[in-house]
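Open the model in your viewer and keep the selection tool at hand. The stops below go from one selection to the next.

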Amino acid sequence: MKKFFLFLFAALSCLSTKAQTFTLKSADLGGQFTNEFASNTFGCTGLNKSPQLEWQNAPQGTKSFAITMYDPNAPTGSGWWHWVVFDIPASVHQLKQGAGSQSANGLPAGTMQGNTDFGVPGYGGPCPPVNDAAHGYVITIFALKTDKLGIGDKASPALVGFMLNQNVIAKASLIIYAKR
């Protein structure tokens, strides 16, 4: 019987270790964006607030984080970058609601926002075309092996994406849908 309990303890310990994977969560987001996080351009009348995001269980060796929000369904032929944030210090594990606003200065010290496909840095909420099928917006957290990407806030989303993929240790994503 004692061996059985030792085996059970070892098995449960192994399961709990495997359950701790790099994870991205949001207290603000469910399966679909609400108007609070939608854009206020292209005919949308949202409040354009970036959602609260938090992450846990970053892999060993993480020196910084980056967050992107991308719409692969945008009718552009190349998708649409809604938010590009990088050089987030490794000691940070959350961005508060509204942190992506250029005027709020809600990002941790040293953190940068790159240009989006709106042509400016900062969060740009979803606003899919009217009567389009629901778009799936991919929000991704990257754990990086460098503390700084070494690029400025004028970098294109493609350049930031290239640098992220050159320095990624692990990543985790949420997919949130929007439709008009």
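**Stop one: an aromatic pair**

Select tryptophan 81: with a relative accessibility of 22%, this residue counts as partly exposed, because buried would require a value under 20%. Keep in mind that the model is predicted.

How many aromatic pairs are there? The count comes to eight. Add tyrosine 70 to the selection. Tyrosine 70 and tryptophan 81 make a tilted aromatic pair, 4.4 Å centre to centre with 40° between the planes. Tyrosine 70 sits in strand S3 and tryptophan 81 in strand S4, so this pair ties together parts 11 residues apart in sequence.

**Stop two: a second pair and a cluster**

Stay on strand S3 (residues 64-71) and pick phenylalanine 65. Then pick tryptophan 55 in strand S2. These two residues are 10 apart, and their pair links distant parts of the chain. The rings of tryptophan 55 and phenylalanine 65 are tilted, at 5.4 Å centre to centre and 55° between the planes.

Are the two buried or exposed? Tryptophan 55 is buried at 4% relative accessibility. Phenylalanine 65 is buried too, with a relative accessible area of 1%. Now add Phe22: Phe22, Trp55 and Phe65 form one aromatic cluster.

**Stop three: the disulfide**

Clear the view and select cysteine 44 and cysteine 127. A disulfide joins them, with S to S at 2.0 Å. The disulfide count comes to one. Check the torsion about the S-S bond: the value is about 95°, so the disulfide is right-handed.

Which parts of the chain does the bond tie together? Cysteine 44 lies in the loop between strand S1 (23-25) and strand S2 (53-56), and cysteine 127 in the loop between strand S6 (112-113) and S7, so the joined parts are 83 residues apart in sequence. Colour both cysteines by accessibility. Cysteine 44 is buried, at 10% relative accessible area. Cysteine 127 counts as buried as well, at 14%.

**Stop four: the largest pocket**

Keep Cys127 selected and show the largest pocket. About 210 Å³ of space lies in this pocket. Which residues are closest to its centre? Phe42, Pro75, Trp80, Cys127 and Pro129 are, out of 15 that line the pocket.

Next, colour the lining by element. Strand S4 (80-89) and strand S7 (135-144) are the elements that give two or more residues to the lining. Finally, colour by residue class: the lining divides into nine nonpolar, four polar and two charged residues.

Conventions
Residues are numbered from 1 along each chain as its sequence is written. This is a predicted model: local features need pLDDT of at least 70, side-chain atom pairs count only at pLDDT 80 or more; totals for chains, interfaces and linings use all residues. Side-chain values use heavy atoms; hydrogens and water are left out. On a 1 Å grid over the protein atoms alone, a cavity is a set of points where a 1.4 Å probe fits but cannot get out, and a pocket is an open set with protein on both sides within 12 Å along at least five of seven lines; lining residues have an atom within 4 Å of a point. Grid points are joined across faces, edges and corners, and a volume is the space filled by probe spheres set on the points. Helices (H or I, at least four residues) and strands (E, at least two) are DSSP runs, numbered from the N terminus. Ala, Val, Leu, Ile, Met, Phe, Trp, Tyr, Cys and Pro count as nonpolar, Asp, Glu, Lys and Arg as charged, and the others, Gly among them, as polar. A disulfide is a pair of cysteine sulfur atoms within 2.5 Å. Buried means under 20% relative accessible area, exposed over 50%, partly exposed in between (1.4 Å probe, protein chains only). Rings of Phe, Tyr and Trp (its six-membered ring) pair if their centres lie within 6.5 Å; planes under 30 degrees apart count as stacked, over 60 as edge-to-face and the rest as tilted.
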